[in-house]
Amino acid sequence: HSALRTPHSAFLRRAAFTFIEIMIVIVIVGVLMAISLPRLRGSLARARLTGAARDVTALLRMARDASVLTETRCEVRFAPDKDQYEMVIYDKNGEPIQVHRTRRSRAWRDESNPLAISAEMLQPRALPSRVHFAVIYSAADLADDDLPRVIFYPDGSATPATIGIQNDDQKTIRVEIYRTTGMTRVEPGLPPDTPPTLKLYYGPGS
């Protein structure tokens with residue numbers, strides 16, 4: 001009888017040892033996840049913040065290029081309470097171009113629409129979740145709808161501005177728009193004080 005029980009007992013010992021190994025692996029994985037998850041969340045938050053700055057910068061550059069190519073004024077307006085922003089392009093008469101959505105997926109190009117502007121290009125855009133406008137400085141007056149804006153001119157210049165963006169972790173980044181060239185630059189952090197010649201339209205103390 002003892003000879004018959006020995007293999008069974010050995011099997012139970014092997015099974016018990018394997019179960020202990022599995023538990024150790026589970027504990028190790030749990031510890032690694034506890035260590036890595038906060039870092040992963042921080043990386044995702046930083047990625048959303050830099051992505052938001054990149055998207056805002058892309059629209060600002062698009063507005064500058066549109067102003068130079070159409071030889072008309074263009075601007076980017078900001079709705080900080082909604083964390084939204086949009087591009088406005090004017091025609092030769094100084095009226096905002098209205099592009100209506102049609103069944104055609106591609107925008108058309110003619111004298112009234114030399115850049116093949118689509119309705120999607122002029123739609124308001126939103127910052128990613130957990131990302132917000134922190135401050136908006138600009139040398140331009142408020143638009144007709146009382147929104148702060150950056151204006152671009154046909155010679156490539158712009159009204160200088162500083163757009164501050166912040167995530168829920170209080171990490172900040174800013175987009176600088178320069179007067180002479182209308183070019184943009186992304187910098188870490190927010191300006192400690194109101195930049196010279198600019199007015200604070202949104203943010204603490206506005």
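Me: What share of the area the chain exposes do carbon and sulfur atoms supply?
Reply: This is a predicted model. The chain exposes about 13000 Å². Carbon and sulfur atoms supply, of that area, 57%.

Me: How many of the 206 residues, in percent, are buried?
Reply: Buried here means under 20% relative accessible area. Counted over the 206 residues in the chain, the buried share is 39%.

Me: In what order do the elements of the chain run?
Reply: The chain holds one helix and nine strands. The helix stands at the N-terminal start of the series, and the strands follow. Written out, the order is α-β-β-β-β-β-β-β-β-β.

Me: What percentage of contacts between residues at least 6 apart in sequence join residues at least 24 apart?
Reply: A contact needs heavy atoms within 4.5 Å. Take the contacts between residues at least 6 apart in sequence. Those joining residues at least 24 apart make up 59%.

Me: Which strands stand at the edges of the open sheet of five strands?
Reply: The sheet has the order 8-7-6-4-9, with antiparallel pairing. Two strands have a single partner strand each, so one side of each lacks a neighbour in the sheet. Neighbouring strands are turned against each other by 25 degrees on average, direction ignored. The edge strands are strand 8 (184–188) and strand 9 (199–202).

Me: Which residue of strand 8 is the bridge partner of isoleucine 177?
Reply: Strand 7 covers residues 172–177. Strand 7 and strand 8 pair in the antiparallel sense over five bridges. In strand 8, the partner of isoleucine 177 is threonine 184.

How values were computed
Residues numbered from 1 in each chain as written. Predicted model: local features only at pLDDT ≥ 70, side-chain atom pairs only at ≥ 80, totals over all residues. Heavy atoms only, no water. Helix = DSSP H or I, 4+ residues; strand = E, 2+ residues; numbered from the N terminus. Buried < 20%, exposed > 50% of the residue type's maximum accessible area, 1.4 Å probe, protein only. Areas by Shrake-Rupley, 256 points an atom, 1.4 Å probe, with all protein chains shown as cover. Pairing = 2+ DSSP bridges. Axes fitted to C-alpha atoms, helices over the stretch in contact; angles between N-to-C directions.
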